[in-house]
Amino acid sequence: MSSSRHVFSVVAAALTLACGGAAKGPSAPAAAGDAASPAQRCLAAANVQHDRSPSEPSRITAKHILVRYGGAKHAPDSVTRTREQACLRAQEALDHLKKGTDFANVVAQYSDESGAATRAGSLGAIERSDVAPSFADAAFELQMHEVSDVVETPFGFHVILRVE
């Protein structure tokens, strides 16, 4: 591998991890001038495939932040942000959590789910079949008190906290 190609692969992997994605195998170099926008990186990271662990529990307790966009499943007509804007807003919420902001405060500021602020984003105990597959894949791989990266479902973008 040429030196410049190796450097690009390392930089691409670092950007993927910094934007919430998982490094999976060697990254292919992009064509010259093919830099992804923050929204494109957010969308790619939000749709990273998660492997199901054979040792995962049958139930977990979770909280989440839901950021909806126009056209998302069950999104009210009053939600007019684009999918890209919603992903970036969810990433912004995650950034606040990484800086130590209380989860309940971030839910109150960012979540579009009705009643989320009064529940601090709590979903209670859930099984895989209770939630969208991409949500379950991300949530069930979390350790206790761990926060997910941004995850996309048909309902919008989520940041998930596993409580138990």
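This passage walks through the fold, the nonpolar cores, two helices, two unusual backbone angles and one pocket of a predicted model.

The protein contains 6 helices and 4 strands. Followed along the sequence, these elements come in the order α-α-β-α-α-α-β-α-β-β. Of its 164 residues, 37% count as buried. Contacts often span long stretches of the chain: among those between residues at least 6 apart in sequence, 61% join residues at least 24 apart.

A good place to begin is the interior. In soluble globular proteins, nonpolar side chains tend to be buried together. Here, the largest nonpolar core has 23 residues, and the members that touch the most others are I65, C87, V150 and F157. At least two residues of this core come from each of α2 (38–46), β1 (60–67), α3 (83–98), α4 (103–110) and β4 (156–162). The biggest contribution is that of α3, which gives 6 residues. Another core, made up of 13 residues, lies apart from the largest one and includes F135, A136, A139 and F140.

I65 offers a helpful view of the packing around one residue. Leaving aside residues up to four places away in sequence, I65 touches A93, L97, F103, V106, V107, Y110, S111, F157, H158 and V159. Four of these partners return in the description of α4, where F103, V106, V107 and Y110 are the buried residues. They lie on the same side of α4, because the arc they cover around the axis is only 105°. An α-helix has 3.6 residues a turn, so residues three or four places apart point the same way. On the other side of α4, the exposed residues include A108 and Q109. The buried residues of α4 pack against β1, α3, α5 and β4.

A similar question can be asked of α2: which of its residues are buried? They are A39, C42, L43, A45 and A46. These residues share one side of α2, since they cover an arc of only 165° around the axis. Their packing partners are α3, β3 (151–153) and β4.

Two loop residues deserve a closer look for their backbone angles. Most residues other than glycine have a negative phi, and most peptide bonds are trans. H74, however, is a residue other than glycine with a positive phi, near 65°. H74 sits in the loop between β1 and α3. Is this residue buried or exposed? With a relative accessibility of 60%, H74 counts as exposed, because the cut-off for that class is over 50%. A120 also has a positive phi, of about 55°, without being a glycine. This alanine is found in the loop between α5 (116–119) and β2 (122–126). A120 has a relative accessible area of 16% and is therefore buried, the limit being under 20%.

Finally, attention turns to a pocket. The second largest pocket holds about 200 Å³ of space. Its lining consists of 13 residues, and those nearest its centre are H64, L66, E113, F155 and H158. Sorted by class, the lining of this pocket comprises 6 nonpolar, 4 polar and 3 charged residues. H158 links this pocket back to the core description, as H158 is also one of the residues touched by I65.

Conventions: Residues are numbered from 1 along each chain as its sequence is written. This is a predicted model: local features need pLDDT of at least 70, side-chain atom pairs count only at pLDDT 80 or more; totals for chains, interfaces and linings use all residues. Side-chain values use heavy atoms; hydrogens and water are left out. On a 1 Å grid over the protein atoms alone, a cavity is a set of points where a 1.4 Å probe fits but cannot get out, and a pocket is an open set with protein on both sides within 12 Å along at least five of seven lines; lining residues have an atom within 4 Å of a point. Grid points are joined across faces, edges and corners, and a volume is the space filled by probe spheres set on the points. Ala, Val, Leu, Ile, Met, Phe, Trp, Tyr, Cys and Pro count as nonpolar, Asp, Glu, Lys and Arg as charged, and the others, Gly among them, as polar. A nonpolar core is a set of buried Ala, Val, Leu, Ile, Met, Phe, Trp, Tyr and Cys residues joined through side-chain atoms within 4.5 Å. Buried means under 20% relative accessible area, exposed over 50%, partly exposed in between (1.4 Å probe, protein chains only). Contact means heavy atoms within 4.5 Å. The arc is that of the directions from the helix axis to the C-beta atoms.
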